[in-house]
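Reader: I am new to this structure and would like a close look at a single part of it. Please take one strand and go through what surrounds it.

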Amino acid sequence: MRTVGREVIGRLDYDLLIANAKHPTDVCHVTIAEGAAHRKGEILEILDGGKCDILGTTAAANAAAAEENAEKEGTGTEGATAGKAAVAAYILAEDVDASGEDVIASAYRSGSFIRNALIVKEGYTLTAEDEAALRNGGIYLSDAML
């Protein structure tokens, strides 16, 4: 049997991150901060120095610093001051291993995305402020069944 012309040349897989084509989808390059492997679909925040990490990293660092300050002062964490607030800015477009060094990766900076397909740091919850920051940057979130 001849198979010439019947072989699979390429294939299109549905990206479960993108909700629709209402808003233009734009991709850019970002620098991922050294320290961990990252998965496609992570919401990225911009750290000091312009590098990016998963959303919730700054909140975790602020909580750790507040707890450390409270231990030094001998008071509860209720009176601890919050550090710099994180700004949600991008959605990671590919899996990246930044365990050993900073890595340049592709990220979405605009488009319509499925909210429940996106990933934030364990223990962190996406807030209304985070969604507003994403929306102001051109990233729109909507609900969809996965």
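In what sense do β8 and β9 pair, parallel or antiparallel, and over how many bridges?

Author: The model is a predicted one. In it, β8 and β9 pair in the parallel sense, over four bridges. One residue pair shows where they meet: Ser-112 has Tyr-140 of β9 as its bridge partner.

Strand β8 itself covers residues 103-114, and ten of its twelve residues are buried, so the strand is largely enclosed by the rest of the structure. Several other strands pair with β8, and they can be taken in turn.

Strand β2, residues 26-32, pairs with β8 in the antiparallel sense over seven bridges. Here Cys-28 stands opposite Ala-107 of β8. Strand β1, residues 18-20, is also antiparallel to β8, with two bridges between them. In that pairing Ile-18 stands opposite Phe-113. Strand β6 runs antiparallel to β8 as well and is joined to it by two bridges. The bridge partner of Ile-91 in β8 is Tyr-108.

Two of the β8 residues just named also meet through their side chains. The structure holds one aromatic pair. It is formed by Tyr-108 and Phe-113, whose ring centres lie 5.1 Å apart; the planes of the rings stand at 55 degrees, so the pair counts as tilted. Planes would have to be over 60 degrees apart to count as edge-to-face. Tyr-108 and Phe-113 are both buried.

Two of the strands that pair with β8, namely β6 and β9, also lead to a helix. The buried residues of α2 pack against β6 (88-92) and β9 (139-142), and against β4 (43-46) too. Helix α2 spans residues 128-137, and its buried residues are Asp-130, Glu-131 and Leu-134. Viewed down the axis of α2, these fall within an arc of 95 degrees, so they line one face of the helix. The spacing fits a general rule: an α-helix has 3.6 residues a turn, so residues three or four places apart point the same way. On the face of α2 turned away from the buried side are the exposed residues Ala-128, Glu-129 and Asn-136. After α2 comes Gly-138, which has a positive phi, near 105 degrees.

To return to the strand asked about: β8 pairs in the parallel sense with β9, and in the antiparallel sense with β1, β2 and β6.

How values were computed. Residues are numbered from 1 along each chain as its sequence is written. This is a predicted model: local features need pLDDT of at least 70, side-chain atom pairs count only at pLDDT 80 or more; totals for chains, interfaces and linings use all residues. Side-chain values use heavy atoms; hydrogens and water are left out. Buried means under 20% relative accessible area, exposed over 50%, partly exposed in between (1.4 Å probe, protein chains only). The arc is that of the directions from the helix axis to the C-beta atoms. Contact means heavy atoms within 4.5 Å. Rings of Phe, Tyr and Trp (its six-membered ring) pair if their centres lie within 6.5 Å; planes under 30 degrees apart count as stacked, over 60 as edge-to-face and the rest as tilted. Two strands pair if DSSP finds at least two bridges between them.
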